[in-house]
Amino acid sequence: MGDILTAIRQVPGGITRPWDFRRRRTAGRSASATGSIPGGRKYRCKEIGSYQQAQALLLQGHTYLDSNGDGEACESLR
């Protein structure tokens, strides 16, 4: 076990912990920064007035409103 730890310490940068890797990979890539949210505004289902409005937003590209990926946004508004 000691030989493995010695080898790891000799690697430049050592070991990257998984949570540090994920944080570094997504740093600076928020959805609004990358332009993946149309109009730059992110909606919550409870803010949307109707099921039909949620479907219209989904068609405009607000895919995060479809949490289970079945093609229907904000099913709780039904």
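Select Arg78 to start: with a relative accessible area of 68%, Arg78 is exposed (exposed means over 50%, buried under 20%, partly exposed in between, using a 1.4 Å probe and protein chains only). You're looking at a predicted model, where local features need pLDDT of at least 70, side-chain atom pairs count only at pLDDT 80 or more, and totals for chains, interfaces and linings use all residues. Residues are numbered from 1 along each chain as its sequence is written, and side-chain values use heavy atoms, leaving out hydrogens and water.

Now add Glu72. Its side chain meets that of Arg78 in a salt bridge, 3.6 Å from N to O (a side-chain nitrogen of Lys or Arg within 4 Å of a carboxyl oxygen of Asp or Glu). Glu72 is partly exposed at 22%.

Next, click Asp70. The side chain of Asp70 reaches the backbone nitrogen of Glu72 at 3.0 Å. Asp70 is partly exposed, at 39%.

Is Gln55 buried or exposed? Select Gln55 and see: it counts as buried, because its relative accessibility is 15%. Gln55 touches Gly71, Glu72 and Ala73, leaving aside residues up to four places away in sequence (touching means heavy atoms within 4.5 Å). Zoom in on Ala73, whose backbone oxygen lies 2.7 Å from a polar atom of the Gln55 side chain.

How many salt bridges does the structure hold? There are 2, so hop over to Arg41 and Glu47, whose side chains meet in a salt bridge at 3.7 Å, N to O. Arg41 is partly exposed at 39%, and Glu47 is partly exposed at 41%.

Technical notes. Polar contact = N/O pair within 3.5 Å; in protein donor to acceptor, adjacent residues only side chain to side chain.
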